[in-house]
Amino acid sequence: MTAAVRSYLEDSTVTPPPYYGQQPPAAAGNDKTTLWGVLGIVFALCCTPLAIVFAILSLLEARKVGKQPILAYVAFGVAALGLIGNIIYFASGGFSR
């Protein structure tokens with residue numbers, strides 16, 4: 001190698017591409033964290049097993065894209081309260097005629 005080429009390579013400021021060695025973040029409109037979380041909350045009011053499924057999907061999607069899983073936690077909480085309420089309602093004889 002000539003001295004001019006070696007000098008150019010040593011003096012150049014080459015920066016690695018962004019997110020070098022890491023996964024680039026997902027596109028802003030591409031993740032479904034909010035969708036699954038809202039569906040989990042809505043279905044927690046009427047169908048607890050489906051709410052738990054959507055809450056799990058929201059939690060997994062949030063971990064995948066690096067967002068906070070707040071809606072997943074809210075969906076889990078509302079589903080748990082609904083499940084406990086239903087257990088109390090059926091145990092107290094509210095469903096029997």
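# Exercises on a helical protein

Helix α3 passes helix α4 in a left-handed crossing. The model in which this is seen is a predicted one.

**Exercise 1.** State how many helices and strands the protein has, and in which order its elements run.

*Solution.* Step 1: count the elements; there are 4 helices and 0 strands. Step 2: read from the N terminus on, which gives α-α-α-α.

**Exercise 2.** Work out how α3 and α4 are oriented to each other, and describe the contact between them.

*Solution.* Step 1: locate the helices. α3 covers residues 48–65 and α4 covers residues 70–91. Step 2: take the geometry. Their axes come within 8 Å and cross at roughly 160°. Step 3: apply the cut-off. Angles over 145 degrees count as roughly antiparallel, so α3 is roughly antiparallel to α4.

Step 4: list the residues that meet. On the side of α3 they are Thr 48, Ala 51, Ile 52, Ala 55, Ile 56, Ser 58 and Leu 59. On the side of α4 they are Ala 72, Tyr 73, Ala 75, Phe 76, Ala 79, Leu 83 and Asn 86. Step 5: sort them by class. The contact of α3 with α4 holds 11 nonpolar and 3 polar residues, and no charged ones.

**Exercise 3.** Do the same for α2 and α3: find their orientation, the handedness of the crossing and the residues in contact.

*Solution.* Step 1: helix α2 spans residues 33–44, and its axis comes within 7 Å of that of α3. Step 2: the two axes cross at roughly 160°, and the limit for roughly antiparallel is over 145 degrees. α2 and α3 are therefore roughly antiparallel to each other. Step 3: the crossing of α2 past α3 is left-handed.

Step 4: α2 contributes Thr 33, Trp 36, Gly 37, Leu 39, Gly 40, Phe 43 and Ala 44. From α3 come Thr 48, Leu 50, Ala 51, Phe 54, Ala 55, Leu 57, Ser 58, Glu 61, Ala 62 and Val 65. Step 5: by class, the contact of α2 with α3 has 11 nonpolar residues, 5 polar and 1 charged.

**Exercise 4.** How many aromatic pairs does a search of the whole structure find? Examine the pairs that Phe 54 forms with Trp 36 and with Phe 43.

*Solution.* Step 1: the search of the whole structure gives 3 aromatic pairs. Step 2: take Trp 36 and Phe 54. Their rings are 5.6 Å apart centre to centre, with 15° between the planes, and the pair is stacked. Trp 36 lies in helix α2 and Phe 54 in helix α3, so this pair ties together parts 18 residues apart in sequence.

Step 3: take Phe 43 and Phe 54. The ring centres are 5.5 Å apart and the planes are at 25°, so this pair is stacked; the cut-off for stacked is under 30 degrees. Phe 43 is in helix α2 and Phe 54 in helix α3, so the pair joins parts that are 11 residues apart in sequence. Step 4: put the rings together. Trp 36, Phe 43 and Phe 54 form one aromatic cluster.

**Exercise 5.** Are Phe 54, Phe 43, Glu 61, Val 65 and Thr 48 buried or partly exposed?

*Solution.* Step 1: note the cut-off; buried means under 20% relative accessible area. Step 2: compare each value with it.

- Phe 54 has 13%, so it is buried.
- Phe 43 has 24%, so it is partly exposed.
- Glu 61 has 13%, so it is buried.
- Val 65 has 22%, so it is partly exposed.
- Thr 48 has 11%, so it counts as buried.

Step 3: set this beside the whole protein, where buried residues make up 18% of the 97 residues.

**Exercise 6.** Which residues do Glu 61 and Thr 48 touch, leaving out those up to four places away in sequence?

*Solution.* Step 1: Glu 61 is found in helix α3 and touches Asp 31, Lys 32, Thr 33 and Trp 36. Step 2: Thr 48, in helix α3, touches Phe 43, Ala 79, Leu 83 and Asn 86.

**Exercise 7.** What distance separates the C-alpha atoms of Val 65 and Lys 32, and what share of the protein's contacts between residues at least 6 apart in sequence joins residues at least 24 apart?

*Solution.* Step 1: Val 65 is part of helix α3. Step 2: its C-alpha atom is separated by 9.5 Å from that of Lys 32, with their positions 33 residues apart along the chain. Step 3: among contacts between residues at least 6 apart in sequence, 54% join residues at least 24 apart.

Definitions and conventions. Residues are numbered from 1 along each chain as its sequence is written. This is a predicted model: local features need pLDDT of at least 70, side-chain atom pairs count only at pLDDT 80 or more; totals for chains, interfaces and linings use all residues. Side-chain values use heavy atoms; hydrogens and water are left out. Axes are lines fitted to C-alpha atoms, for helices over the stretch in contact, and angles run from 0 to 180 degrees between N-to-C directions. Helices (H or I, at least four residues) and strands (E, at least two) are DSSP runs, numbered from the N terminus. Angles under 35 degrees count as roughly parallel, over 145 as roughly antiparallel, 65 to 115 as roughly perpendicular and the rest as oblique. A crossing is left-handed if the near helix is turned anticlockwise from the far one by less than a right angle, and right-handed if clockwise. Contact means heavy atoms within 4.5 Å. Ala, Val, Leu, Ile, Met, Phe, Trp, Tyr, Cys and Pro count as nonpolar, Asp, Glu, Lys and Arg as charged, and the others, Gly among them, as polar. Rings of Phe, Tyr and Trp (its six-membered ring) pair if their centres lie within 6.5 Å; planes under 30 degrees apart count as stacked, over 60 as edge-to-face and the rest as tilted. Buried means under 20% relative accessible area, exposed over 50%, partly exposed in between (1.4 Å probe, protein chains only).
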